[in-house]
Amino acid sequence: MRLVVPLQGVAQGRGGLLLGSLIPCALFYFLQLYLKRRRSPSDPSPPSTSSSNQPGMTRHSSLSNLLSRGPLRISSLATSIAKPDDSPYYMGLDRASGDPYHRIANPDGVIQLGLSENRLCFDLIEKWTSENLRDWVMGREVGDLSISGIATYQPSDGTMKLKMAMAGFMSRVIGRDVSYEPSQMVLTAGVTSAIETLCFCLADHGNAFLVPTPYYPSFDRDMKWRTGVELIPVHCRSKDNFVLSISALDQAFNQTRKRETKIRGILLSNPANPVGNLLSRKMLEALLKFAEEKNIHIVSDEIFAGSIYGEKEFVSIAEVVGSEDFDKNRVHIVYGLSKDLFLPGVRVGMIYSFNENVLAAARKLTRFSSVSAPTQRLLVSMLSDTRFIVEYIQTNKKRIRDMRDLFVAGLEELGIKCTDSRSSLYCWADMRNLIPTYGEKGELELWEKLLNVGKINLTPGSACHCIEPGWFRCCFTTLDKDDVRVVMERIRKVVGSRTSCG
Ligand SMILES: *[C@@H]1O[C@H](CO)[C@@H](O)[C@H](O)[C@H]1NC(C)=O
């Protein structure tokens, strides 16, 4: 039986392993032998159309290779990445994108509240593009009227023009007198790539980053997949409004050090995804102090910097590190245009670092993930249109706030409360009293029921490593105002049927 084991990957038949694989192999072998005998020895084998350099290589020999060496291997990393998703975050996204709700075309489809898209100002982008199409293809300036600026090689870490335009956009987004230095920027094809590049630059395989929870589910892919670093959760709790504390950070640091894992940094998301809260200036100072004491880095994901719509102001770590006597070398920011300007398909992200060594390495690494030149030209054109940008930022904030108010009020009518936050594209909903049993299992049961019965996809807190079960992330910026009513009806249907079941 042992001899047959390597064939298991070839033959699917169960029980009939011998019939299903050995017999066809034997028949094939004899057929080859027969054909070989019939062919005269001087008869060359037919010319191969493949580029193989081994004319003698026939299917027969590759089969016998298979018999002796087992199936063709791919890397173990790729093997583990290729496995089907078992995270409810990705399963839910797939379900909703495979059967998307549409008021008229597919009214029974799944409403997507799991994907972090902001479609609320898509009309403004459409309008701008239709009015400026010629400019962005040809370039705005007279000297640009040639294909040479986009068909030839461009610097892989981004053109100076786009970096300057990004610096302007970021200052405008923050809305205060904060300036960004274009020479400290490295542009990448999306923030995913920016985060991975940073991770690669700061940590070796087996090193770790401390990450406050709940955190964005894809950090587990973006940070870990190819670099082999570890993420250590630092749990934030509802009693503290999910605000990070230095003592929790210190505790996680001590515990990780005990098992001899090197910690290389803290990964912050500010404004926070999924909770939507902000780190105060005081907290940022404390974090910088902590990082200095432990001699580690701080990576701050500020992708929602412009999606703020309350009284509280957003403070970038760039401002704090600039105003005080902190060591800037350990501070790195990622930013992009997928949220604050709804262009996730355009794939533009950025590393903003104060560390020359990190910048030098990251610039070289962008050869794997550079932004295409036509894309850069489009963005220079769009970001330099100050009137459009100012209007976009203001309208966007107002529309997110209105949608949030509507959505949160709808949930409140159902007895579901959200944490008090006025940033990012989500609300963080407390459904602890709606889960059938207190624990991750109960949370996933509710999530599944909302998906399959209610036909709405939310992100369960466990997918974000939240330590308390029963919290859900709802992205409301994918909706039309009319959809909010449908969402609430669907939640009511699920919650109602649960109570009637006991
Ligand atoms: C972590 O370790 C340091 C140094 O040993 C100690 O001073 C500190 O109190 C510890 N922190 C926690 C939260 O256990």
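**Note on a predicted model, read strand by strand and helix by helix**

1. Cysteine 427 stands opposite cysteine 474 in strand β13. This pair is a good place to begin, with the caution that the model is a predicted one. Cysteine 427 can be placed against its background as follows: strand β10, which covers residues 426-430, and β13 pair in the antiparallel sense over five bridges. For a first-year reader it may help to recall that strands of a sheet pair through backbone hydrogen bonds, either parallel or antiparallel.

2. The strand β13 (residues 471-475) also has a second partner to consider, since strand β12 (residues 459-460) and β13 pair in the antiparallel sense over two bridges, and threonine 459 stands opposite arginine 473 in β13. How many of the five residues of β13 are buried? Five of the five are buried, so the strand is largely enclosed by the rest of the structure. In a regular strand the side chains alternate between the two faces of the sheet. In β13, Trp471, Arg473 and Cys475 point one way, while Phe472 and Cys474 point the other way, and all are buried.

3. For the protein as a whole, the model contains 17 helices and 13 strands, and buried residues make up 39% of its 502 residues. Where contacts between residues at least 6 apart in sequence are considered, 71% of them join residues at least 24 apart.

4. An open sheet of seven strands, with mixed pairing, follows the order β2-β8-β7-β6-β5-β3-β4. Its edge strands are β2 and β4 (230-235), each of which pairs on one side only, and the twist from one strand to the next averages 25°.

5. At the β2 edge, strand β2 (residues 185-188) and strand β8 (residues 349-353) pair in the antiparallel sense over four bridges, and within this pairing the bridge partner of threonine 188 in β8 is glycine 349. The side chains of β2 are divided between two directions, with Met185 and Leu187 pointing one way and Val186 and Thr188 the other, and all of them are buried.

6. At the β4 edge, six bridges join strand β3 (residues 208-213) to β4, and these two strands run parallel; here threonine 213 stands opposite histidine 235 in β4. Helix α10 (residues 246-258) lies across β3, β4 and β5 (263-269), and runs at about 140° to β4.

7. The ligand deserves a point of its own. Which residues are around the ligand? They are Ser247, Asp250, Gln251 and Asn254. When this shell is sorted by class, it has no nonpolar residues, three polar residues and one charged residue.

8. Two packed helices are described by the angle between their axes and the distance between the axes. Helix α7 (residues 160-174) and helix α15 (residues 386-413) pack at an angle of about 35°, with their axes 10 Å apart, and α7 passes α15 in a right-handed crossing. The contact is made by Phe169, Arg172 and Val173 on the α7 side and by Ile389, Val390 and Ile393 on the α15 side. By class, this contact has five nonpolar residues, no polar ones and one charged residue.

9. Helix α14 (residues 373-383) should be examined with burial in mind: eight of its eleven residues are buried, so the helix is largely enclosed by the rest of the structure. The buried residues of α14 are Gln376, Arg377, Leu378, Leu379, Val380, Ser381, Met382 and Leu383.

10. Phenylalanine 200 has its place in helix α8 (residues 191-202). Is phenylalanine 200 buried, exposed or partly exposed? Phenylalanine 200 is partly exposed, because it has 18 other C-beta atoms within 10 Å, whereas a residue needs 20 or more to be buried and 12 or fewer to be exposed. Leaving aside its neighbours within four places in sequence, phenylalanine 200 is in contact with Thr227 and Leu365.

11. Phenylalanine 200 also shows how residues that are distant in sequence can be compared in space. Phenylalanine 200 and valine 358 are 158 residues apart in sequence and 9.7 Å apart in space, C-alpha to C-alpha. Alanine 361, which lies in helix α13 (residues 356-365), is 161 residues from phenylalanine 200 in sequence and 9.6 Å from it in space, again C-alpha to C-alpha. Alanine 361 counts as partly exposed, because it has 16 C-beta neighbours inside 10 Å.

Key: Residues numbered from 1 in each chain as written. Predicted model: local features only at pLDDT ≥ 70, side-chain atom pairs only at ≥ 80, totals over all residues. Pairing = 2+ DSSP bridges. Near = placed C-beta within 6 Å. Nonpolar A, V, L, I, M, F, W, Y, C, P; charged D, E, K, R; others polar. Contact = placed C-beta atoms within 7 Å. Axes fitted to C-alpha atoms, helices over the stretch in contact; angles between N-to-C directions. Left-handed = near helix turned anticlockwise from the far one by under 90°.
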